[in-house]
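Me: I'd like to go through this model bit by bit. Can you help me read it?

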Amino acid sequence: IDRSFYLRPSKKIGATYKIVYYRLGPNSLYSYPRSCKVDVLVPGILNIPHIPASLIITLNGLPLMPLIPLLLLKLQAWEDHRESTRLDMRQKQYVDGRDIDQLLTIAVGRHANLQDAAAWLPANFIDAGRARLVRYLKKVRPLHTQAWKAIGF
């Protein structure tokens, strides 16, 4: 088990589920200790692709998605939240941006690579993610272009 991952109870009142987090190490973009929330996702909803079983690791019985599709889904969430007509949803774009940046740090540190994931991810999922990434880099993090290139984008 990778001790960098840990579980925390949900902050939602009455929720019985737990949320997976990842401790960021010294390679973080930040100088202080940070954690990154990791979503547990189910294929078939919200454009979540099928992940080959051999690529899924588990933590306390919970399956963890590989980093490349998770980053692409976080970009989708960022854009969906940014474009929402609801103020509470638009506010989530800032947390999404932080999560994207932290996941990018992890992906670079673990040498994740788009080309490896492209062998099994649907091309339309990757293409949509690339388009969102262009918008994200332009609007939010233009200085992170090199880190994205390091993982194959």
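**Helix, core and charges**

Me: How far apart are the end C-alpha atoms of helix α1 (residues 67–83)?
Reply: Helix α1 has 17 residues, and at 1.5 Å a residue they should span 24 Å. The expected span is 1.5 Å times one less than the number of residues; helices (H or I, at least four residues) and strands (E, at least two) are DSSP runs, numbered from the N terminus. The distance in the model agrees with that: 24 Å.

Me: Before we go on, what kind of model is this?
Reply: Residues are numbered from 1 along each chain as its sequence is written, and side-chain values use heavy atoms, with hydrogens and water left out. Local features need pLDDT of at least 70, side-chain atom pairs count only at pLDDT 80 or more, and totals for chains, interfaces and linings use all residues, since the model is predicted.

Me: How many of the 17 residues of α1 are buried?
Reply: Buried means under 20% relative accessible area, exposed over 50%, and partly exposed in between (1.4 Å probe, protein chains only). Helix α1 is largely enclosed by the rest of the structure, because the buried count is 14.

Me: Which element gives the most to the largest nonpolar core?
Reply: A nonpolar core is a set of buried Ala, Val, Leu, Ile, Met, Phe, Trp, Tyr and Cys residues joined through side-chain atoms within 4.5 Å. This one has 35 residues, and I68, L72, W148, I151 and F153 touch the most other members. Elements giving two or more residues include β2 (18–23), β3 and α2. The top contributor, with 8 residues, is α1.

Me: Which residue forms a salt bridge with D96?
Reply: A salt bridge is a side-chain nitrogen of Lys or Arg within 4 Å of a carboxyl oxygen of Asp or Glu. For D96 the closest N and O atoms are 3.8 Å apart. The pair links helix α2 with helix α1, 22 residues apart, and both residues are buried. The partner is K74.

Me: Is D99 buried or exposed?
Reply: D99 forms a salt bridge with R98, the closest N and O atoms being 3.3 Å apart. Salt bridges that share partners join this pair with K74 and D96 into one network. R98 is partly exposed at 30%, whereas D99, with a relative accessible area of 1%, is buried.

Me: Which side chain does D101 contact?
Reply: D101 lies in helix α2 (residues 87–109) and is buried, with a relative accessible area of 0%. Its side chain makes a polar contact of 2.8 Å (N or O atoms within 3.5 Å, one able to donate a hydrogen and the other to accept it; residues adjacent in sequence count only if both atoms are side-chain atoms). The partner is Y136.
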